[in-house]
Amino acid sequence: MKFSPTQRRITAGIVLAYTCAYLCRLNLSAALGGITESLQISDTQAGTLQTAFAIVYAAGQLINGAIVDRLNPFRHIMTSLIGFSICNLLMGFCTSYPLLLCLCFMNGIFQSMLWTPIVRLMARFYPTKVERSKASLAFSTCMIVGHLGAWSISGVMVNTLGWGLAFTIPGIIAFIGMLIVRSLLREARDMGSQPVVKASRAQETHGHSLLGMFASTGLLFLLGACILYGFVRDGIVTWAPKTLGGLGSGGLAAVASSLIIPLINIVGYTTGNYLNRKGIKNTRLCIALMTSAAMLFCALLSLNGGMWITALLMGLGCAALNGLNPLLTALVPLEYDKTRRVSLVAGLIDSFIYIGSALAGFVGGSISEGLGASALFIAWAVAACVAALLMLLSSRKKCLKALDDYAV
């Protein structure tokens with residue numbers, strides 16, 4: 001099945017937009033070692049930079065998820081791209097920790113405006129399940145390209161010309177990308193508000209109120225899993241470059257080993273898409289299975305291998321988690337299409353993921369600093385185990401049936 005010309009433009013636009021977002025988000029983890037050394041701050045303070053971003057991002061997802069159905073998604077996307085590109089340009093010239101911390105907050109605010117309007121565009125321009133699955137697979141490439149770009153550009157800059165350029169260059173790229181996205185998403189410029197389906201009294205009796213939707217469709221279990229998922233996924237992403245640098249001789253060798261992680265992600269995305277389309281039809285069950293695989297790889301990390309073994313295991317764990325990411329952040333919210341609350345659910349899921357991401361920065365830094373890297377690896381394994389169990393609870397037949405009971 002082929003996309004129409006409009007669908008191809010929308011796909012290219014949202015992929016480019018979110019690739020720019022990853023370039024201006026994941027560069028922080030690649031630059032943490034250089035920032036720590038240059039500004040003479042502790043691991044806990046360095047982790048707080050990620051926490052600052054994640055807290056504001058999580059709160060912003062809740063707000064944007066609630067309001068984006070009533071706003072023009074095109075303007076929302078443009079504001080986001082302009083805002084976080086400027087924030088990254090300014091971060092490149094920071095000479096003090098408090099100012100860098102403030103800009104991380106601002107970066108989180110603007111980045112939180114991007115995802116929920118993109119999900120709304122997906123709901124509007126990809127009406128069938130096959131189209132949405134295909135669009136989700138295409139969208140997954142932005143994380144691979146963004147991850148590779150952020151860590152390679154930022155890693156080389158930190159080790160050659162200074163950590164400031166690890167933010168300046170992605171900021172410039174994102175601003176240029178915004179101009180291209182503006183042209184590609186022209187069909188979305190006049191999109192208006194989307195009405196919310198209000199439940200009747202009869203429906204509310206059967207659990208179709210907003211609160212009933214949380215309980216009956218397994219959304220509460222799912223959101224709990226999202227926190228733990230974010231803690232593990234962004235824990236690996238945040239601390240991998242610095243951990244690998246400490247295990248090896250540092251420098252470009254550590255940069256090279258860290259790039260194993262985004263490269264292996266290609267396998268994760270392919271596996272996740274295959275399982276969901278041809279293997280396990282229950283998307284939530286597929287997520288639980290891949291989270292369990294990540295748990296195993298995190299547990300093996302605690303055996304303390306060398307730099308390259310550690311990079312490989314981190315890559316496999318990250319691949320499993322990033323492979324399920326399009327399923328969790330795109331396909332699961334689209335399950336709520338009949339409720340007309342796609343943007344709200346997308347915002348909630350991404351918000352709760354970044355609550356876990358906030359814990360990955362500050363709590364992860366504290367565990368690593370106080371108990372060592374092995375304790376952090378074990379914490380990731382335990383969190384992944386509980387996340388898998390919660391996803392299993394949300395994947396029960398009665399939860400999926402509750403979604404089907406909604407009438408448009």
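Student: What share of the 408 residues in this chain is buried?

Tutor: In this predicted model, buried residues make up 58% of the chain. To earn that label, a residue needs a relative accessible area under 20%.

Student: And what is the chain built from, in helices and strands?

Tutor: There are 19 helices and zero strands.

Student: How much of the contact count comes from residues 24 or more positions apart?

Tutor: Of the contacts with a separation of 6 or more, 86% join residues at least that far apart, 24 or more positions.

Student: Let's take single residues. Why is Ser80 called buried?

Tutor: Ser80 has a relative accessible area of 0%. The cut-off for buried is under 20%, so Ser80, at 0%, qualifies. Ser80 sits in helix 4, residues 73-91.

Student: What makes Ser80 and Phe110 a polar contact?

Tutor: A polar atom of the Ser80 side chain lies 2.6 Å from the backbone oxygen of Phe110. The limit for the N or O pair is 3.5 Å, so the 2.6 Å distance falls within it. Beyond its neighbours within four places in sequence, Ser80 is in contact with Phe110, Gln111, Met113 and Leu114.

Student: What about Asn282: which backbone nitrogens does its side chain reach?

Tutor: One is the backbone nitrogen of Arg284, 3.0 Å from a polar atom of the Asn282 side chain. Another is the backbone nitrogen of Leu285, at 3.2 Å. Set both against the 3.5 Å limit, and each distance is within it. Asn282 itself lies in the loop between helix 14 (260-279) and helix 15 (283-301). With neighbours up to four places away set aside, Asn282 touches Ser395 and Leu400.

Student: How many salt bridges are there?

Tutor: The count comes to one.

Student: What makes Glu187 and Arg9 a salt bridge?

Tutor: Their closest N and O atoms are 2.3 Å apart. The rule asks for a side-chain nitrogen of Lys or Arg within 4 Å of a carboxyl oxygen of Asp or Glu, so this Arg and Glu pair at 2.3 Å passes. The two partners are 178 residues apart: Arg9 belongs to helix 1 (residues 5-23), while Glu187 is in the loop between helix 9 (165-184) and helix 10 (201-205).

Student: Why are Glu187 and Arg9 called partly exposed?

Tutor: Glu187 has 27% relative accessibility, and Arg9 has 22%. Partly exposed covers the range between the buried limit of 20% and the exposed limit of 50%, so both residues land there.

Student: Now helix 17. Is Ala346 buried or exposed, and how do you know?

Tutor: Ala346 is buried, because its relative accessible area is 1% and the cut-off is under 20%. Ala346 lies in helix 17, residues 342-371.

Student: Which residues does Ala346 touch, beyond those up to four places away?

Tutor: Ala346 touches Trp115, Thr116, Val119 and Pro333. Take Thr116: 230 residues separate it from Ala346 along the chain, yet their C-alpha atoms are 6.0 Å apart.

Student: Leu359 is in helix 17 too. Why does Leu359 get its accessibility label?

Tutor: Its relative accessible area is 36%. That is over the 20% line and under the 50% one, so Leu359 is partly exposed. Leaving out neighbours within four places, Leu359 is in contact with Ile227, Phe231 and Gly364. The C-alpha atoms of Leu359 and Gly235 are 8.3 Å apart, with the two positions 124 residues apart in sequence.

Student: How do helix 6 and helix 7 cross?

Tutor: Their axes come within 10 Å and cross at roughly 145°, and the crossing is right-handed. Trp115, Ile118, Met122 and Ala123 of helix 6 meet Arg132, Ala135, Ser136 and Phe139 of helix 7.

Student: What kinds of residue make up that contact of helix 6 with helix 7?

Tutor: Six nonpolar, one polar and one charged. Arg counts as charged and Ser falls with the polar ones.

Student: And helix 1 with helix 7: at what angle do they cross?

Tutor: Roughly 35°, with the axes coming within 9 Å. This crossing is right-handed. Gln7, Thr11, Ile14, Val15 and Tyr18 from helix 1 meet Glu131, Ala138 and Phe139 from helix 7. The residues here divide into five nonpolar, two polar and one charged. Tyr is on the nonpolar list, so Tyr18 of helix 1 goes with the nonpolar residues.

How values were computed. Residues are numbered from 1 along each chain as its sequence is written. This is a predicted model: local features need pLDDT of at least 70, side-chain atom pairs count only at pLDDT 80 or more; totals for chains, interfaces and linings use all residues. Side-chain values use heavy atoms; hydrogens and water are left out. Helices (H or I, at least four residues) and strands (E, at least two) are DSSP runs, numbered from the N terminus. Buried means under 20% relative accessible area, exposed over 50%, partly exposed in between (1.4 Å probe, protein chains only). A polar contact is a pair of N or O atoms within 3.5 Å; within protein, one must be able to donate a hydrogen and the other to accept it, and residues adjacent in sequence count only if both atoms are side-chain atoms. Contact means heavy atoms within 4.5 Å. Axes are lines fitted to C-alpha atoms, for helices over the stretch in contact, and angles run from 0 to 180 degrees between N-to-C directions. A crossing is left-handed if the near helix is turned anticlockwise from the far one by less than a right angle, and right-handed if clockwise.
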